[in-house]
Amino acid sequence: MPYHFLEVAVTPSVRAAQENMGVDQIWLGADNRPSDTLTEDEIAFIASRDSFYMASVSETGWPYVQHRGGRAGFLKVVDQRTLAFADYRGNRQYISAGNFAANDRACLFLMDYVRRARLKIYAYVERLALDADQELTELVSDPTYKGRAERIFRLRLEAFDWNCPQHIIPRYTEQQVEQAVAPLREQLQRLETENATLRARLENPER
């Protein structure tokens with residue numbers, strides 16, 4: 001079966017660009033990789049993300065990309081073809097929310113800078129009131145997160161794809177850096193304690 005992500009992404013103008021660069025034959029072969037149903041790999045990846053980028057398109061055709069962030073796993077996998085997240089109050093421009101009212105198509109980029117991996121997702125977006133689906137609201141809610149949820153976005157998966165790691169520069173969160181240097185801090189503390197003990201002995205040889 002054709003790779004569905006490319007069925008969505010490759011339009012006639014994209015095909016023309018591929019032909020112009022001499023790479024159109026690369027993408028013509030059949031590919032039976034799943035691209036419209038999340039597997040365990042995608043589900044685990046999504047659960048570990050604390051942010052993603054979401055693109056929408058306005059009535060005038062202008063794209064808009066918005067950053068979404070929260071605690072790791074705030075983007076919930078409802079089932080293998082459905083995602084959802086609580087939309088917290090931000091700068092109150094509501095550009096994405098307005099765009100989705102006119103055009104419900106979205107593209108998400110989920111990044112793992114440490115492992116140089118990125119997951120691309122095409123989806124249809126539905127805006128829901130917080131009281132529209134109590135079970136879904138409970139799933140996406142995080143009472144420990146300091147933010148005011150205004151609505152829920154439910155996403156119906158159309159297709160996904162993994163990007164190659166080229167040109168992804170590794171970046172690390174504050175927590176990841178702290179975890180990496182913790183053994184060094186402990187070793188430094190031991191050395192400082194040992195040095196203090198040795199200095200005390202030198203200064204007071206009789207003791």
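**Exercise 1. Locate Y94 and assess its backbone and exposure.**

Solution.
Step 1. Y94 is found in the loop between β4 and α4. The model is a predicted one.
Step 2. Read the backbone. Phi of Y94 is near 55°, a positive value in a residue other than glycine. Most residues other than glycine have a negative phi.
Step 3. Check exposure. The relative accessibility of Y94 is 33%, so Y94 counts as partly exposed. Partly exposed spans the range between the 20% and 50% limits.

**Exercise 2. Do likewise for R116.**

Solution.
Step 1. The loop between β5 and β6 holds R116.
Step 2. R116 is not a glycine, yet has a positive phi of about 55°.
Step 3. With a relative accessible area of 34%, R116 is partly exposed.

**Exercise 3. Describe the overall layout of the protein chain.**

Solution.
Step 1. Count the elements. The protein chain has six helices and seven strands.
Step 2. Put them in order. From the N terminus they run α-α-α-β-β-β-β-α-β-β-α-β-α.
Step 3. Compare the radius of gyration with the globule rule. The protein chain has a radius of gyration of 24 Å, and the rule gives 17 Å for 207 residues. The value is well over the rule, so the protein chain is more spread out than a compact globule.
Step 4. Look at the extents. Along the principal axes, the C-alpha atoms fill a box of roughly 90 × 50 × 30 Å.
Step 5. Turn to burial and surface. Of the 207 residues, 29% count as buried. The accessible surface is about 13,800 Å², and 51% of this belongs to carbon and sulfur atoms.
Step 6. Examine contact range. Among contacts in the protein chain with a separation of 6 or more, 71% are between residues 24 or more positions apart.

**Exercise 4. Dissect the largest nonpolar core.**

Solution.
Step 1. Find the hubs. This core has 23 residues, and L108, L110 and I121 touch the most other members.
Step 2. Assign the contributors. The elements giving two or more residues are α3 (40-47), β1 (51-57), β4 (82-88), α4 (95-102), β5 (105-112), β6 (117-128) and β7 (149-163).
Step 3. Rank them. β6 gives the most, with five residues.
Step 4. Follow one hub. Beyond its neighbours within four places in sequence, I121 contacts I46, L83, A106, C107, L108, L110, L157, A159 and F160.
Step 5. Look for another core. A second, separate core has seven residues, including A84, A86, L128 and I152.

**Exercise 5. Classify two aromatic pairs and say what they link.**

Solution.
Step 1. Take the total. The count comes to seven aromatic pairs.
Step 2. Classify F52 and F74. Their rings lie 5.6 Å apart, centre to centre, with 10° between the planes, and the pair is stacked.
Step 3. Place them. F52 is in strand β1, and F74 is in the loop between β2 (63-69) and β3 (76-79). The two are 22 residues apart, and the pair links distant parts of the chain.
Step 4. Check burial. F52 has 1% relative accessibility and counts as buried. F74 is buried too, at 12%.
Step 5. Classify Y88 and Y145. The centres are 4.9 Å apart and the planes 55° apart, which makes a tilted pair.
Step 6. Place these two. Y88 lies in strand β4, and Y145 in the loop between α5 (134-140) and β7, so the pair ties together parts 57 residues apart in sequence.
Step 7. Compare their exposure. Y88 is buried at 18%, whereas Y145 is partly exposed at 27%. The 20% limit for burial lies between these values.
Step 8. Widen the view. F52, F74, F85, F100 and F153 form one aromatic cluster.

**Exercise 6. Find charges that sit over rings.**

Solution.
Step 1. Start with R49. Its charged end sits over the ring of F45, 4.9 Å from the ring centre.
Step 2. Go on to R171. Its charged end sits over the ring of Y113, 5.5 Å from the centre.

**Exercise 7. Trace the surroundings of Q80.**

Solution.
Step 1. Q80 lies in the loop between β3 and β4.
Step 2. Its relative accessible area is 43%, so Q80 is partly exposed.
Step 3. Leaving out residues up to four places away in sequence, Q80 touches T37, L38 and L157.
Step 4. Take the L157 contact further. Q80 and L157 are 77 residues apart in sequence, and their C-alpha atoms are 8.3 Å apart in space. L157 also contacts I121.

Methods: Residues are numbered from 1 along each chain as its sequence is written. This is a predicted model: local features need pLDDT of at least 70, side-chain atom pairs count only at pLDDT 80 or more; totals for chains, interfaces and linings use all residues. Side-chain values use heavy atoms; hydrogens and water are left out. A nonpolar core is a set of buried Ala, Val, Leu, Ile, Met, Phe, Trp, Tyr and Cys residues joined through side-chain atoms within 4.5 Å. Buried means under 20% relative accessible area, exposed over 50%, partly exposed in between (1.4 Å probe, protein chains only). Helices (H or I, at least four residues) and strands (E, at least two) are DSSP runs, numbered from the N terminus. Contact means heavy atoms within 4.5 Å. Rings of Phe, Tyr and Trp (its six-membered ring) pair if their centres lie within 6.5 Å; planes under 30 degrees apart count as stacked, over 60 as edge-to-face and the rest as tilted. A charge sits over a ring if NZ of Lys or CZ of Arg is within 6 Å of the ring centre and within 35 degrees of the ring normal. The radius of gyration is taken over C-alpha atoms; the globule rule is 2.2 Å times the number of residues to the power 0.38. Accessible areas come from the Shrake-Rupley method with a 1.4 Å probe; for residues, only the protein chains shown count as cover.
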